Amino acid sequence: MAKEKTLFACTACGFETAKWTGKCPGCGAWNTMEEGVFDPFSKSTGKKVAPKQRPGTGAAAMLLKDIPEDVTVRTSTGVSELDRVLGGGIVEGALMLIGGDPGVGKSTLLLQVCANLARAGKRVLYVSGEESAKQLKLRANRLGIREEQLYVLAENALDAVEEKLNQLQPDVAVIDSVQTMYRPEMASAPGSVSQVRECTSLIMRLCKESGTAIFLVGHVTKDGAIAGPRMLEHMVDVVLYFEGDKMQEYRLLRAVKNRFGSVNELGVFQMTDKGMQVVTNPSEQLLSRRAKGASGSVVFCGLEGSRPLLCDVQALASTSYFGAPRRTVGGADASRVALLLAVLEKRAGQKTYNQDVYINVAGGLELSEPAADLALCMAVVSSLKDMPIGADVAVMGEVGLAGEVRAIPQCDRRVAECQRLGFTTIVLPRENLKRLATPEGIKFMGVDTVMQAISVLF
């Protein structure tokens, strides 16, 4: 009998070596080498055999002009925020990957989507590799799901899942999760790089051949990235990330890749005892608990994809009793905040060298666009002077190292959202006023520098 050969494979890049190393020779990652068994011999003949690969499609090359232009029909999931993130609904034969921290609500949302689709007359199959059928039944009862046409399969072996998919021919399927699936003919354990890669490749082929749209649930690492090889995100059509602290009620669903729509779209959900509920007016929800009349609070209108969102930017500056003052930032880039504090110190004469500065964006949002610079600066100045900014004032603009305030994109959409929620005064870059019509009831304050913004507001 041929002796099995042990190999060590990197879980980050797939590099294989005969001996264990602390650092992967391929990608340089530490503590990513996992042991596996590699048996290149056939059990019947004892000879080396090539790994089994599925045959190609055998399709002939076609001219681009000869390819028929079929209109893509989208199917609504019954959840408006998810439809928005997907670009209008589910596309036939699409392979979609959704990742997020444990307990954030991935399985709950997808079970609700399956129930909505089954209620609409679609054939739906929910495959779970983590829960039994009885556990899924308990979750469905808790969510109030009583759909009779929703098929459930508790299975880990992908060959058996493939057989069921071919038998049922569902319109939509969910596989929860891809890291628990395995192919029996492979010696590596479920969740390894080779298993995840091969299972995803097989599922992708099933999608394109049968036209079934499939949702894949992906586990994430401690760094927040989807576990498995990076090529997993390249193979699928749509990549969605669930964000938000599971101790808070709001969840953010963000698209980072979408072959059928725009990326960086954002969906806002609220976790309740009845499952995921859509937040129809997120700006109003984010500002509902704002402390009016308090210093260090500024309203900023950001853009998440095509959606304008109003949020409360908060700052607190207090005298430091340590040699190096503290800089604590939540919801914004810490290095960007350090840059803005230096601009305030050098260009605006605001002394922060002896102040502990704390920044927070209420509601769990992450501000990554430079348009939030001016709002962050004004929040810090408001706390330093202990002077509140008016409750009907919104601030937006990019700040440069010279203290200048630069123009921001899509200012008209931001202004329209501010007007809808009753804000009457907007501080924004003067450059934007050249291409912006003044709506009724709105007062614009155009500024060129941070000093001008401080003099206008205080």
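I take a salt bridge to be a side-chain nitrogen of Lys or Arg within 4 Å of a carboxyl oxygen of Asp or Glu. With that cut-off I turned first to Arg435 and Glu431, whose closest N and O atoms are 3.8 Å apart, so the pair counts as a salt bridge. I note that the model is a predicted one.

**Entry 1: the exposed pair.** I looked up the accessibility of both partners, and found that Arg435 is exposed, at 57% relative accessibility, while Glu431 is partly exposed, at 35%. I also followed the salt bridges that share partners, and these join Arg183, Glu185 and Glu198 into one network.

**Entry 2: the count, and a link between distant parts.** In the structure I find 19 salt bridges. One of them joins the side chains of Glu81 and Arg307, with an N to O distance of 2.8 Å. I placed Glu81 in helix α1, which covers residues 80-86, and Arg307 in strand β16, which covers residues 307-319, so that this pair links distant parts of the chain, 226 residues apart. Are its two ends buried or exposed? Glu81 counts as buried because its relative accessibility is 5%, which is under 20%, and Arg307 counts as buried because its value of 8% is also under 20%.

**Entry 3: a second pair at strand β16.** I next looked up Asp312, which forms a salt bridge with Arg290, the closest N and O atoms lying 4.0 Å apart. Asp312 belongs to strand β16, whereas Arg290 sits in the loop between α7 (282-287) and β15 (297-304), so the salt bridge ties together parts that are 22 residues apart in sequence. The relative accessibility of Asp312 is 1%, and I record this residue as buried; Arg290, with a relative accessible area of 11%, is buried as well.

**Entry 4: the chain as a whole.** I count 12 helices and 23 strands in the protein chain, and along the principal axes its C-alpha atoms fill a box of roughly 85 × 55 × 50 Å. Of the 458 residues, 47% count as buried. For contacts between residues at least 6 apart in sequence, I noted that 65% join residues at least 24 apart.

**Entry 5: surface and charge.** The accessible surface of the protein chain comes to about 23000 Å², and carbon and sulfur atoms account for 51% of that surface. Finally I looked up the charges, of which 53 are positive and 51 negative, and their mean positions are 3 Å apart.

Terms used
Residues numbered from 1 in each chain as written. Predicted model: local features only at pLDDT ≥ 70, side-chain atom pairs only at ≥ 80, totals over all residues. Heavy atoms only, no water. Helix = DSSP H or I, 4+ residues; strand = E, 2+ residues; numbered from the N terminus. Buried < 20%, exposed > 50% of the residue type's maximum accessible area, 1.4 Å probe, protein only. Contact = heavy atoms within 4.5 Å. Areas by Shrake-Rupley, 256 points an atom, 1.4 Å probe, with all protein chains shown as cover. Lys, Arg positive; Asp, Glu negative; His and termini not counted. Charge placed at Lys NZ, Arg CZ, Asp CG, Glu CD.
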